[in-house]
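Here is a short report on one protein chain. Keep the sequence and the 3D view open as you read.

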Amino acid sequence: MKKIHITRYRLAHTALILTSLCGYLEWGNNQQHTFLFAAEWDVLTAIMLDPLSMIHPLVILPLIGQILLLIGIMRKQPSRRLTVAGIFCISSLLGVMLVVGVISMNIKILLSVLPFVATSIIAVVVGKNTL
């Protein structure tokens, strides 16, 4: 029975990472846009070339959050603190995106953040029942 709960916990972590990459960004007068998975790829390649150019809380914190969730997937015994820390780190960027979506009344941005919010709630509930 315990193994089933740990599998659910790992699935919740995987879903958190995947939904964190689904965020949608739109900016400028000519409506430039990108998804977070494309932006993250650009950031990761830029970090390899010039690490100091990517030092910003809204860049570093979500990456740290994803790394924490990856560690949570690989651990033998899940950690609720690790999950919550990962969610908070990723929420730093997605929370800003949510506020921007509300202020600009951009439904695309709002809808792109909601899967992460829902998955975060599910992950915390699964973690509460597992640990």
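## K108 and the salt bridge

K108 is partly exposed, with a relative accessible area of 48%. The model is predicted, and it holds one salt bridge. K108 is half of that pair: its side chain meets the side chain of E26, at 3.6 Å from N to O. Side chains of opposite charge can pair when their charged atoms come close.

Where do the two partners sit? E26 lies in strand β1, residues 24–27, and K108 lies in helix α5. The two are 82 residues apart in sequence, so the pair ties together distant parts of the chain. E26 is partly exposed too, because its relative accessible area of 22% falls between the 20% limit for buried and the 50% limit for exposed.

## The nonpolar core

Now turn to the largest nonpolar core. It has 15 residues. Which of them touch the most other members? They are L16, L94, M97 and F116. Three elements give two or more residues to this core: α1 (2–20), α4 (80–104) and α5 (107–130). The largest share comes from α4, with five residues.

Take M97 as an example. Set aside its neighbours within four places in sequence. M97 is then in contact with G23, Y24, L25, L36, I109, S112 and V113.

## Helices α2 and α3

Next, look at a helix pair. Helix α2 covers residues 36–49, and helix α3 covers residues 57–74. Their axes come within 12 Å and cross at roughly 100°. That angle makes α2 roughly perpendicular to α3, because angles from 65 to 115 degrees count as roughly perpendicular.

Which residues make the contact? From α2 come E40, V43, L44 and I47. From α3 come V59, L63 and Q66. Sorted by class, the contact has five nonpolar residues, one polar and one charged.

Q66 also gives a useful distance. T14 and Q66 are 52 residues apart in sequence, yet their C-alpha atoms are 9.6 Å apart in space. T14 is found in helix α1. T14 is partly exposed, with a relative accessible area of 33%.

## T119 in helix α5

T119 lies in helix α5. Is T119 buried or exposed? T119 is buried, because its relative accessible area is 13% and the limit for buried is under 20%.

What does T119 touch? Leave out residues up to four places away in sequence. The list is then A12, A15, L16 and T19. One of these, L16, is also among the core residues that touch the most other members.

## G101 and M105

G101 is found in helix α4. G101 is buried, with a relative accessible area of 0%. Beyond its neighbours within four places in sequence, G101 is in contact with N106, I109 and L110. I109 is on the contact list of M97 as well. A46 gives a contrasting distance: the C-alpha atoms of G101 and A46 are separated by 27 Å, and the two residues are 55 apart along the chain.

M105 is found in the loop between α4 and α5. M105 is exposed, with a relative accessible area of 71%. Check its backbone as well. Phi of M105 is near 50°, a positive value in a residue other than glycine.

Definitions and conventions. Residues numbered from 1 in each chain as written. Predicted model: local features only at pLDDT ≥ 70, side-chain atom pairs only at ≥ 80, totals over all residues. Heavy atoms only, no water. Axes fitted to C-alpha atoms, helices over the stretch in contact; angles between N-to-C directions. Helix = DSSP H or I, 4+ residues; strand = E, 2+ residues; numbered from the N terminus. Parallel < 35°, antiparallel > 145°, perpendicular 65-115°, else oblique. Contact = heavy atoms within 4.5 Å. Nonpolar A, V, L, I, M, F, W, Y, C, P; charged D, E, K, R; others polar. Core = buried A, V, L, I, M, F, W, Y, C linked by side-chain atoms within 4.5 Å. Buried < 20%, exposed > 50% of the residue type's maximum accessible area, 1.4 Å probe, protein only. Salt bridge = Lys/Arg side-chain N within 4 Å of Asp/Glu carboxyl O.
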